[in-house]
Structure formats: C-alpha cells, structure tokens
Amino acid sequence: MDYKPLSGREFPRFSAIKTFFRLPYVEVGADYDVGIFGIPFDGGVSYRPGARFAPTKVREISSLGRGFHMTRMENFFEKLKVADIGDCPTVPIDIKQTYERIEKFVGEVLSHNKKFVSVGGDHSTTLPVLRALRKKYGQPLAFVHFDAHLDTYPAAWGQEYHHGAFARHAVEEGLVDPKKMVQIGIRGPLAGGDDLDFVNKHGIRVITVDEVRSKNINEFLHDLPKFDNTPTYISYDIDNLDPSCAPGTGTPVPGGLTTYEVQRIFRALEIPNLVGCDIVEISPPFDQSDITALAGMDAMFEMLHLFVKK
Ligand code: MN
Ligand code: MN
C-alpha cells in the first residue's frame, strides 16, 4: 500500500471522500506506522457540547493539509506511513460503555504495535486511551498535556468521570508519571484551589501562559522539560489556545497561547519515544470559519513530525 494523500491535481481539495489528510482509509491491522482515528464523544462535557462532530470536521478541513515541514525540512508523507483508521465506536449517552469501547479499540491498535493520533471528542476520552497504553507498555507514561485547565477537578454532580477530571484520574490510577508530566498553557481563573493543590501535591510541572510570555520565546523553549526513553503521550486540548485562535471549544478561556507559539513549542519538544497523541475539545458548532478545526489540523501536522525518527 502506498500511504500517500490523494493528488490535488487529480481530485481538487474540495472534492473526494474525506479522510484525515486525504490519506487512505485502512483496517486497524494494515501495515501503516501511525494511524489517525476519531473518538466522536462529548458526553463528558460540563458546558458547551459539540466535540462529537470534530472527527468529521477535522477530516474535512485536513483536505487542506500538506506534508512538508518548512522548519524541519522533511515531509511526513515520505517519512511515515500514515493512514485514517476510522472512528472508534462510542455510546453517546453512556460514558462507562464509551470508555470500554475506547479502551478496546485502542488496545486493538496497540496489539498491532501501532502509533496513533486520535481526534476527540471531549477530554474525558483521553482516560481510557491512557488505560490501554498503560496496559500495553507496563509502566506509567511520560505525559505532555496542553490545556487552559489543569483537568484535576473533583467529581461534579456526583460523577467521577467528566472532561475536567481526566488528568487527576490518570495520576491516581498510575497511568502517567506525575514527575514526568508537564501541563502547558494553564491559566486561571480556577473554580477553587483543589485542582492546584492536586498538581502541587504530585509535583506536576505546570507551565502557565505567564511563564511562556515572561521571557523571550527562544529562552523559554530552551528551558522546556526534556524527555527520556519512557513511552510518552501528548494530549492536546485545543483550549490551550486563546479563544481568538480557537473559539470553537467547550470551555474557552481568554488569555491563551497563540497558534504560532504552540507551533514553536512543538518544534522544540524532543521526545525520543512518542507512542501516541490526541487532539480534543474542538467543537465545530461553536467554531467560526473553521479556524479551530484548522488549528487542530495544524497541531496534528506538528505531532506527526514528532513520530519521525531523528
Ligand atoms: Mn482539558
Ligand atoms: Mn481545557
């Protein structure tokens, strides 16, 4: 199988059936390196819904995706076999059954020794993905978490599992190593001090927008945490971006990062053993001119280049 996107000369970018980056749609067990799949579920949202529509929208928008990275001077279409492996089954009205299906689906992807990028879905969907990875690799993961929010919130309405609590569960269940975890893009206001107490107690490195901006961007990038060979996962909540760069999201927070700052962070990250990534919290019904979906596609482009062996 030739894992190349459809030609824009043969099928102009507004035409043809939509897959991620116009790549082939293949079976989970095919011979690709990195599979992209959707997790269309937003039953863990506390405010604005709509992330269930993100996989379809990001497929559409990624028709505009191109492969050559001008900073890295390489093309992921040539360096990696990337494919669309479809959507993970979900149950729109039941988070417990959805978690079971996500863990099973990701477990199957991992049973074929694949790397992946998933497109959520709200942030509650990351927890069962991490559970599957923890089983596969047999150790807590190193973890890069882009977000405006800490996502270490307590139960809400008596429900443990929602999109603001996944990071707390991931630490409590031993899925990620809090000492090898960094949260980027964090800012207030917070509902209270509980979530911050949690990250302080576990020694999680929190990078606020203030910290990104308090020095020259090159100095900041130089001081980014370094990663070892521990299996490492990136979870990218689109609301780490300022609402001007990403209005279509569940819980927008003013004062965020710009799309450009995030590109620079991705280009500076050195992750020798990246095993998976996700992009969550894009809500197409609240988007304007698809700019949030475009920002998501751009993050996916940067992530795919992090899978290329240096
Ligand atoms: Mn989040
Ligand atoms: Mn968030």
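Are Asp-237 and Asp-239 buried or exposed? In this predicted model, Asp-237 is buried, and Asp-239 is buried as well.

## The two manganese ions

The manganese ion (ligand 1) takes its protein donors from His-123 (ND1), Asp-147 (OD), Asp-151 (OD) and Asp-237 (OD), at distances of 2.1 to 2.2 Å, and along the sequence these donor residues follow the spacing H-x23-D-x3-D-x85-D. His-123 sits in the loop between strand 5 (115-120) and helix 4 (126-137), while Asp-151 belongs to the loop between strand 6 (141-146) and helix 5 (166-172), so that the pair ties together parts of the chain lying 28 residues apart in sequence. His-123 and Asp-151 are both buried.

For the manganese ion (ligand 2), the protein donors are Asp-147 (OD), His-149 (ND1), Asp-237 (OD) and Asp-239, the last of these listed with two OD entries, and they lie 2.0 to 2.5 Å from the ion. The sequence spacing of these donor residues is D-x1-H-x87-D-x1-D. The two ions are 3.2 Å apart, with Asp-147 bridging them; Asp-237 likewise appears among the donors of the manganese ion (ligand 1) and among those of the manganese ion (ligand 2).

## Salt bridges

The model contains 17 salt bridges. Arg-168 takes part in a bridge with Glu-160, at 2.9 Å from N to O, and in another with Glu-172, where the closest N and O atoms are 3.2 Å apart. Arg-168 and Glu-172 are both in helix 5, separated by 4 residues, or about one turn of the helix. Arg-168 counts as buried because its relative accessibility is 9%, under the 20% limit, whereas Glu-160, at 33%, counts as partly exposed, and so does Glu-172, at 47%.

A further bridge joins Glu-261 to Arg-213, with 2.6 Å between the closest N and O atoms. This pair links distant parts of the chain, since Glu-261 lies in helix 9 (residues 259-268) and Arg-213 in helix 7 (residues 209-213), 48 residues apart. Glu-261 is buried, with a relative accessible area of 11%, while Arg-213 is partly exposed, at 43%. Elsewhere, Lys-57, Glu-60 and Asp-290 are joined into one network by salt bridges that share partners.

## A nonpolar surface patch

On the surface, Phe-68, Met-70 and Met-73 form a nonpolar patch, and together they present about 400 Å² of accessible area. Met-73 is located in the loop between strand 2 (68-69) and strand 3 (74-75), and it counts as exposed because its relative accessibility of 59% is over the 50% limit.

Terms used. Residues numbered from 1 in each chain as written. Chains lettered and ligands numbered in written order. Predicted model: local features only at pLDDT ≥ 70, side-chain atom pairs only at ≥ 80, totals over all residues. Heavy atoms only, no water. Donors = N, O, S within 2.8 Å, 3.2 Å for Na, K, Ca; no water. Helix = DSSP H or I, 4+ residues; strand = E, 2+ residues; numbered from the N terminus. Buried < 20%, exposed > 50% of the residue type's maximum accessible area, 1.4 Å probe, protein only. Patch = residues over 30% accessible without salt bridge, like charges linked within 9 Å, V, L, I, M, F, W, Y side chains within 5 Å. Areas by Shrake-Rupley, 256 points an atom, 1.4 Å probe, with all protein chains shown as cover. Salt bridge = Lys/Arg side-chain N within 4 Å of Asp/Glu carboxyl O.
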